[in-house]
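Colleague: I would like a close look at one part of this model. Please take the charged side chains, and then place them against the rest of the fold.

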Amino acid sequence: MYLNMESLVAGVVGIGAGVYWFFQGFRELQSSRTIQNIPTSRIMTGAVGTHVEIKGQIVSSPDKLLNAPISGQTCAFYSIEIQRLVKSKNHSYWKKIDQINSADAFSVDDGSGGIAQVFVRGADMQRQGKAHEFRIRSHDLLSMPELLISVLQRNEDKLKVFKLKNSSWLFSQKYRFVEWSFGPQESVYVLGYAESGIALPKKNKLKFSTYMQARKMIENDPRLQTRYDQNQDGILVPEELERGAQMLGTALQAEPVALQKLENTNKIKMLFKKRPGCTFLVSNIKEKDLIKKLSLKAALKVWGGPVVALAGAVYLLFMLNAKI
């Protein structure tokens, strides 16, 4: 006799889940050790091109503050995860099918004079506190809160699976919308591969006249001298002046922008994005508590994963023997 399909799937799922948790636990353990080993850097002076850890506050101008679509809370950034309830004979679970962010990135200021932009896609988000959620069946989707409907309609082109359209009652499914947000001035911790926030045009040869214009601007403006003082020792040496004149001149030559606009752009000193093989973590939890949380989760998965995988294998063997 053959092993029935449900028993086969249950055993294979158990083995797969155990192996997945085991390797995921090692990744979380690595993240925990990375947090412990990397010192906190200042945005203005931190070394880009490597793993960097920063701590600061979410910044947003008053005219760009938002209302989170489920909680209604005022925030600088929010994310909505869309989940669908998946059922089987023995259990059910919420499966993530889509996600909407209020923006591609948010800004962090640590008081050092520079700003970091954090592009959240692919980040491991570790939140403190309970997320807000809203549940509904698919035959009644259009009765959701107006703000949530508006957000879903505005991001319709970004939704890969979810469709804002009522289904028939007969084929109705359960959906859950999970919201988390960052409030203005909320403290946040970021660990990831930091890229330079200074955007330079592609290989345009700098004119000598523009270079001299930029050099004079730096020599006559203490704010620019501070910006291009690479080691922040209060002294702009000739090498730093030349480098600053080249950077400023290249930016001026790229497009005739006002100095104020240029200053606002150049305050962005770091960019954090998901990079293959690199830890990318964003959290509003204190570092000490975050390390404890990650270490505990890692230990449970590293030890629990093999147990689950073994249980799946034993179950398969038991069911196979029972059918013989």
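Modeller: What follows starts at one arginine and works outward. Keep in mind that the model is predicted.

Start with R176. R176 sits in strand β10. Is R176 buried or exposed? R176 counts as buried, because its relative accessibility is 15% and the cut-off for buried is under 20%. Two polar partners matter here. One is E133: R176 forms a salt bridge with E133, with the closest N and O atoms 3.9 Å apart. That pair links distant parts of the chain. R176 is in β10, E133 is in strand β9 (residues 132-137), and 43 residues separate them. A salt bridge here needs a side-chain nitrogen within 4 Å of a carboxyl oxygen, so the 3.9 Å of this pair falls inside the limit. The other partner is Q83. The side chains of R176 and Q83 make a polar contact at 2.6 Å.

What else does R176 touch, leaving aside its neighbours within four places in sequence? R176 is in contact with E81, I82, Q83, W94, E133, F134 and R135.

Now move to E133. At 35% relative accessibility, E133 is partly exposed. E133 also pairs with R135. In that salt bridge the closest N and O atoms are 2.7 Å apart. R135 is partly exposed too, with a relative accessible area of 49%. Put together, E133, R135 and R176 are linked in a network of salt bridges. In this network R176 is buried at 15%, while E133 is partly exposed at 35% and R135 is partly exposed at 49%.

How many salt bridges does the structure hold? The count is 4. One of them joins the side chains of E219 and R215, at 3.5 Å from N to O. This pair lies within helix α3 (residues 208-220). E219 and R215 are 4 residues apart there, so about one helical turn separates them. Both ends are partly exposed: E219 at 41%, R215 at 24%.

Next, the nonpolar side. The largest nonpolar core has 21 residues. Within this core, I54, F106, F272 and V282 touch the most other members. Strand β10 returns here. β1 (50-59), β6 (105-109), β7 (115-119), β10 (174-182), β11 (187-196) and β12 (268-272) each supply at least two residues of this core. Take F272 as a sample. Leaving aside neighbours within four places in sequence, the contacts of F272 include V52, I54, A116, V118, F119, V190, Y193 and F280. Q117, G192 and A194 are also in contact with F272. A second, separate core has 18 residues, among them I136, L152, L159 and Y175.

Two loops flank the discussion. The first lies between α2 (146-154) and β10, and F171 is found there. F171 is exposed, with a relative accessible area of 62%. W169, L170 and F171 make a nonpolar surface patch of about 470 Å². The second loop lies between β10 and β11, and holds Q185. Q185 is not a glycine, yet has a positive phi of about 70 degrees. Q185 is partly exposed at 45%.

To close on the starting point: R176 is a buried residue in strand β10, with a salt bridge to E133 and a polar contact to Q83.

Notes:
Residues numbered from 1 in each chain as written. Predicted model: local features only at pLDDT ≥ 70, side-chain atom pairs only at ≥ 80, totals over all residues. Heavy atoms only, no water. Core = buried A, V, L, I, M, F, W, Y, C linked by side-chain atoms within 4.5 Å. Buried < 20%, exposed > 50% of the residue type's maximum accessible area, 1.4 Å probe, protein only. Contact = heavy atoms within 4.5 Å. Patch = residues over 30% accessible without salt bridge, like charges linked within 9 Å, V, L, I, M, F, W, Y side chains within 5 Å. Areas by Shrake-Rupley, 256 points an atom, 1.4 Å probe, with all protein chains shown as cover. Polar contact = N/O pair within 3.5 Å; in protein donor to acceptor, adjacent residues only side chain to side chain.
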